[in-house]
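Reader: Thanks for sitting down with me. Could you show me the model and explain how its contacts get their names?

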Amino acid sequence: MDLIERLDAIERDALASLGGTLDADALERWRLAVLGRRGSLAEAMKGVAVLAPSDRPRAGERANAAKQSLEAAYFSCLSSVKASARAHALEAERIDVTLPARARPTGSLHPVTMIRREVEQAFARLGFTSVEGPEVEWDHYNFTLLNIPPDHPARDTQDSFYVQGGTGEGGEMLLRTQTSPVQIRTMLAHKPPIRIIAPGRTYRNEATDASHEAMFTQVEGLCIDKNVTLADLRGTLTVVARALFGPHSEIRFRCGYFPFVEPGAEIDMTCHLCHGSGCRVCKRTGWIELGGAGMVHPRVLANVGIDPDEYSGWAFGCGLERFAMLRYGIEDIRLFYENDVRFLQQFA
Ligand code: PHE
């Protein structure tokens, strides 16, 4: 067979075997076998060089024509292979945009955190700074400097969680039972005038029920300046109660006893649900108890080096869970710390 015929045959057979190839691997094998450096076309082309010079031009032309037609066939096949691979991938990765999306759970603020922030904002508008103190405290700050003597029942191990082996300069170590030690720390660190609130966790070793938890949150308030009176406390608490519970809120004091205030008071607020006429939440009294308060005891001022003849001040302490329970209509304090997302999600 002469070279021209061989080239004809190579081209015909190669085109025939290419027909219908839509697979990238098969196409690559075809390319190597036909157009590769050791492929059939290259082999045949070697034959051109050994022809008689007069036969070479024709054979060379035929060889080039075969090469061009085979390359063109190759590239057209390559582009359909690519197109079909892309079509395949698209089909395999097809997504049904009409399917309902999977819900992504998002966190939300804890109701006590929300109330805490509202309280902080209301007091900030009145010039009060929010400060924090340690939750593990010395009894010196939690009790002694607050005029709670060593034999006072509040120190009973029944009420306080003591830290084993925790004794030092400040006496025994315990989980603070109230935020009042932050009053002491603030007055020891700063000269009057003082206007602070101190929100934070407190701990009491008591049986739990719908209104008592071993861990709860208080907010302390302290105002020390010249000529500060109980009327200032009532005015301040009225503004804050109205910010939190609505413009009808009123504050009243009942006599109460706390060793670190004199006089001492229990704080009541008009019921935000019935506005004082009496309902289930306020047990038909029209009033709701918010916490304790009073004028800082002169002995406490003296304990922290503030002259009680020059300065006076008030303090209060309220439970933030109680605020949250009133605001959101929650009936059991234990719900706050069970971490049931169904409960927590309601405040999102
Ligand atoms: N610390 C008191 C308590 O936990 C509340 C209180 C604070 C009372 C400040 C008076 C003044 O019960």
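Author: Happy to! A polar contact is a pair of N or O atoms within 3.5 Å. Please keep in mind that this model is predicted.

Reader: What makes the pair between Ser180 and the ligand a polar contact?

Author: In the side chain of Ser180, an N or O atom is 2.9 Å from a nitrogen atom of the ligand. The cut-off is 3.5 Å, so this pair counts as a polar contact.

Reader: And why are Arg204 and Gln218 said to make polar contacts with the ligand?

Author: Arg204 has a polar side-chain atom 2.9 Å from a ligand oxygen atom. For Gln218, a polar side-chain atom is 2.9 Å from an oxygen atom of the ligand. Both pairs are within 3.5 Å, so both are polar contacts. As for cover, the ligand taken alone exposes 320 Å², and the protein buries 91% of that.

Reader: Which residues come nearest to the ligand?

Author: There are 14 residues around the ligand, and Gln178, Ser180, Arg204, Gln218 and Gly317 come nearest. By type, the shell divides into 6 nonpolar, 6 polar and 2 charged residues. Gly counts as polar, so Gly317 belongs with the polar ones.

Reader: Which strands each supply at least two residues of that shell?

Author: Those are strand 6 (215–225), strand 9 (287–296) and strand 10 (312–319). Strand 10 gives the largest share, with 3 residues.

Reader: How far apart do the C-alpha centres of domain 1 and domain 2 lie?

Author: The domain assignment gives domain 1 as 3–92 and domain 2 as 111–347. Their C-alpha centres lie 91 Å apart.

How values were computed: Residues are numbered from 1 along each chain as its sequence is written. This is a predicted model: local features need pLDDT of at least 70, side-chain atom pairs count only at pLDDT 80 or more; totals for chains, interfaces and linings use all residues. Side-chain values use heavy atoms; hydrogens and water are left out. A residue is near a molecule or strand if one of its heavy atoms lies within 4 Å of it. A polar contact is a pair of N or O atoms within 3.5 Å; within protein, one must be able to donate a hydrogen and the other to accept it, and residues adjacent in sequence count only if both atoms are side-chain atoms. Accessible areas come from the Shrake-Rupley method with a 1.4 Å probe; for residues, only the protein chains shown count as cover. Helices (H or I, at least four residues) and strands (E, at least two) are DSSP runs, numbered from the N terminus. Domain bounds come from an automatic or database domain assignment.
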